[in-house]
Amino acid sequence: MEHNPKIIICDCDHKDVDTEKAVFDAAGMDFRWLHCMSQDEVIEQCQGAVCFLNQYVRMDEKIFKAIPSLRMVVRYGVGVDNVNLADATRYGVQICNVPDYGTNEVADQALALMLSLTRKTYMIGNMTRAGVWNYIESVPVHRLSTRTVGILGVGRIGAAFARRVHTLGCRVVAYDVRYGESGRVFPDFIEFKPTMDGVLAQADILSLHCALTEESRGMMNAAAFSKMKEGAFFINVARGGLVDEDALEGALSSGRLAGAGIDVVNAEPLSGESPLFRHENVVVTPHMGWYSEESAEELNRKCAEEVVRFLRGEAVRCPVNQL
């Protein structure tokens, strides 16, 4: 293996990189797997790299300027929140992601949280374990086919979630900033609303499936929660930054929300002191929606394959910025 190969996995918390190694070995390419925890460690340890596979460390001008050989970063995941795309484009660094590796898993996670909340299995299960054997503690529970599910953001995951809840008999209403764009096809059972407020007002269960942008950051704030139906449930498996967590806690404390299912938060891991944990009707999971054994292998493989394409001079599959 080269001492300074062109390919460096600069940071990832995976148990191994066997899948990536198989892809690179087949292509006759060497790589290094490092565990850099900061930009300074990346700069110190990754000189000469052409391609990074990256998970957490922020990629911006500091990195791009200090490692002039760098021409590509493939992010382990869908989001590129830790990448300054403007800086990358200015320095001629191609950014790629893997937008399609965990679609079913995240949609399943949203569905699991929805069922746990609406059937109150999490809350009543804890009561039963504590010796309270009384279904009355779960009142009210409603038949799913009488419920309206609101979806904000109908990309791959939002559409997959919509298909799941439609199968259960739920009415589906949605808002998507890209609705109406040429070439985009949506399931015909989704009722699209012209504004987000139209979804907030009708949803018995609201599920977020939006990308985190400067425009969408904090979109679920106190004003948004105040427009939701009394007794609605709220689910977020997208990005923690979409939600003002103080406003969410306020909506739970006031009783406006009947419960919340959260897989992503603003600062991970969520502190055990978070006021969200005071509510028995809140289910919090540790950003696991993306995960299955199959999706993890797919993510690693697709990241490595993207690097191989780039180094061979082929068109990349999932460019995030345009050079």
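The side chains of Glu306 and Arg309 meet in a salt bridge with an N to O distance of 3.0 Å, where a salt bridge is a side-chain nitrogen of Lys or Arg within 4 Å of a carboxyl oxygen of Asp or Glu. Because Glu306 and Arg309 are three residues apart in helix α11 (residues 293-311), they are separated by about one helical turn. Both Glu306 and Arg309 are buried, a word used here for under 20% relative accessible area, with exposed meaning over 50% and partly exposed lying in between (1.4 Å probe, protein chains only). Helices (H or I, at least four residues) and strands (E, at least two) are DSSP runs, numbered from the N terminus.

This is a predicted model, in which local features need pLDDT of at least 70 and side-chain atom pairs count only at pLDDT 80 or more, while totals for chains, interfaces and linings use all residues. Residues are numbered from 1 along each chain as its sequence is written, and side-chain values use heavy atoms, with hydrogens and water left out.

**Salt bridges**

Side chains of opposite charge can pair when their charged atoms come close. By the rule given above, the count comes to 20 salt bridges, and three of the pairs are set out below.

| Pair | Closest N to O distance |
|---|---|
| Asp108 and Arg164 | 2.6 Å |
| Asp204 and Lys229 | 2.8 Å |
| Glu306 and Arg309 | 3.0 Å |

The side chains of Asp108 and Arg164 meet in a salt bridge, and this pair links distant parts of the chain, with Asp108 in helix α5 (residues 103-118) and Arg164 in helix α7, 56 residues apart. Asp108 counts as partly exposed, because its relative accessibility is 38%. Asp204 forms a salt bridge with Lys229, and this pair also links distant parts of the chain, since Asp204 lies in the loop between α8 (196-202) and β9 and Lys229 in the loop between α9 (222-226) and β10, 25 residues apart. At 10% relative accessibility Asp204 counts as buried, whereas Lys229, with a relative accessible area of 30%, is partly exposed. Elsewhere, Asp100, Glu298, Lys302 and Arg317 are linked in a network of salt bridges.

**The parallel sheet**

Seven strands form an open sheet with parallel pairing, in the order β8-β7-β6-β9-β10-β11-β12; two strands pair if DSSP finds at least two bridges between them. The strands β8 (190-192) and β12 (282-284) stand at the edges, each with a single partner strand, so one side of each is left without a neighbour in the sheet. Neighbouring strands of this sheet are turned by 20 degrees against each other on average, direction ignored.

Within this order, β6 is joined by five bridges to the parallel strand β7 (residues 171-175), and Leu152 stands opposite Tyr175 in β7. The pairing of β6 with β9 is likewise in the parallel sense and runs over four bridges, with Val149 standing opposite Ile205 in β9. Strand β9 in turn pairs with β10 (residues 232-236) in the parallel sense over four bridges, and here Leu206 stands opposite Phe234 in β10.

In a regular strand the side chains alternate between the two faces of the sheet. In β9, Ile205 and Ser207 point one way and Leu206 and Leu208 the other way, and all are buried. Helix α7 (residues 156-167) lies across β6, β7, β8 and β9 (205-208), running at about 175 degrees to β6. Contact means heavy atoms within 4.5 Å, and the axes are lines fitted to C-alpha atoms, for helices over the stretch in contact, with angles from 0 to 180 degrees between N-to-C directions.

**Loops and backbone geometry**

Most residues other than glycine have a negative phi, and most peptide bonds are trans. A cis peptide bond, with omega about 0 degrees, joins Val139 and Pro140, and Pro140 has its place in the loop between α6 and β6. Another cis peptide bond, again with omega about 0 degrees, joins Glu268 and Pro269, the latter being found in the loop between β11 (257-262) and β12.

Lys120, in the loop between α5 and α6, has a positive phi near 60 degrees although it is a residue other than glycine, and at 13% relative accessibility Lys120 counts as buried. His287, which is not a glycine either, has a positive phi of about 50 degrees; the place of His287 is in the loop between β12 and α11, and at 28% relative accessibility it counts as partly exposed.
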